[in-house]
Amino acid sequence: MQLTKQNLTQVDFAKSELIPAIVQDARTGVILMQGFMNQESLAVTFDKQKVTFYSRSKNRLWTKGETSENYLEVVSVHTDCDYDSILVLANPLGPTCHLGTQSCFGDAAKPALSFLAQLEQVIVARKNDDPEASYTASLFAKDLSRSCQKVGEEGVEVALAAMKHDNEELTNESADLLYHLIVLLQRQGLELKDVVACLQGRHK
């Protein structure tokens, strides 16, 4: 169940004053960290819109990023079917782990497909870089027709590779197609999540 400020009492703190709270990257699906929340920290999480735990070592409320400024901005909060654990979808502002990795579980502990969302973020970050130093920036500096052309060319290359039953080439050309498609979507003010939403809408 999705939680709001109005239904926080649904969470069953009668079982325990502290309940586990898992934080997941809202864009990539990567599990970022796990901590504990009490009623007050959950309320503060909603008030600040930044993930706030109850730190057992500090014996106080602790907003993730209060020192590093690598905050976890809340997208949505959910409770499980027994109302005794919490899942927070958040946008991380920098590395989550104090060791400098994206996740406290290590950068290897993430779904393979999450890299597409990560790639999209890299493309967004490089939009305004020097076109002489960044291929991505050079695409954004050129006319829209160039990006359209690249998607068309890569689509043809994918089809030709499949016709030749060359799986290595098919993989490489598919990677090129996905990259240039993300660039084109960005140029049109769209994201991968918009395409996914379209697919989900058809899957009914």
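Helices α2 and α5 pack at an angle of about 55°, and their axes lie 10 Å apart. This comes from a predicted model.

**How α5 meets α2**

The two helices α2 and α5 are therefore oblique to each other. The crossing of α2 past α5 is right-handed. Which residues meet here? On the α2 side they are L116, L119, E120, I123 and V124. On the α5 side they are L178, Y179, I182, V183 and Q186. Sorted by character, the residues of this contact are eight nonpolar, one polar and one charged.

**How α5 meets α4**

Helix α4 covers residues 144–163. With α5 it packs at an angle of about 155°, the axes 8 Å apart. An angle over 145 degrees counts as roughly antiparallel. So α4 and α5 are roughly antiparallel to each other. The crossing of α4 past α5 is left-handed.

From α4, the contact takes in L144, S147, C148, K150, V151, E154, G155, E157, V158, A161 and A162. From α5 come E169, L170, E173, S174, D176, L177, H180, L181, V183, L184 and R187. How do the residues of this contact divide? There are 11 nonpolar, four polar and seven charged ones.

V183 of α5 is a residue to look for in both contacts: it is listed in the one with α2 and in the one with α4.

**The pockets**

Here are the two pockets side by side.

| Pocket | Volume | Nonpolar lining residues | Polar lining residues | Charged lining residues |
|---|---|---|---|---|
| Largest | about 580 Å³ | 12 | five | four |
| Second largest | about 230 Å³ | five | six | three |

Start with the largest pocket. Its lining has 21 residues. Nearest the centre of this pocket lie R27, A117, E120, L192 and K193. Which helices each supply at least two residues of its lining? They are α2 (114–125), α5 (167–187) and α6 (192–202). The largest share, six residues, comes from α2. So the pair α2 and α5 appears again: these helices pack against each other at about 55°, and each also supplies at least two residues of this lining. E120 links the two views. It belongs to the α2 side of the contact with α5, and it is among the residues nearest the centre of the largest pocket.

Now the second largest pocket, with a volume of about 230 Å³. It is lined by 14 residues. Which of them are closest to its centre? Look for W62, K64, T96, C97 and H98.

Conventions:
Residues are numbered from 1 along each chain as its sequence is written. This is a predicted model: local features need pLDDT of at least 70, side-chain atom pairs count only at pLDDT 80 or more; totals for chains, interfaces and linings use all residues. Side-chain values use heavy atoms; hydrogens and water are left out. On a 1 Å grid over the protein atoms alone, a cavity is a set of points where a 1.4 Å probe fits but cannot get out, and a pocket is an open set with protein on both sides within 12 Å along at least five of seven lines; lining residues have an atom within 4 Å of a point. Grid points are joined across faces, edges and corners, and a volume is the space filled by probe spheres set on the points. Helices (H or I, at least four residues) and strands (E, at least two) are DSSP runs, numbered from the N terminus. Ala, Val, Leu, Ile, Met, Phe, Trp, Tyr, Cys and Pro count as nonpolar, Asp, Glu, Lys and Arg as charged, and the others, Gly among them, as polar. Axes are lines fitted to C-alpha atoms, for helices over the stretch in contact, and angles run from 0 to 180 degrees between N-to-C directions. Angles under 35 degrees count as roughly parallel, over 145 as roughly antiparallel, 65 to 115 as roughly perpendicular and the rest as oblique. A crossing is left-handed if the near helix is turned anticlockwise from the far one by less than a right angle, and right-handed if clockwise. Contact means heavy atoms within 4.5 Å.
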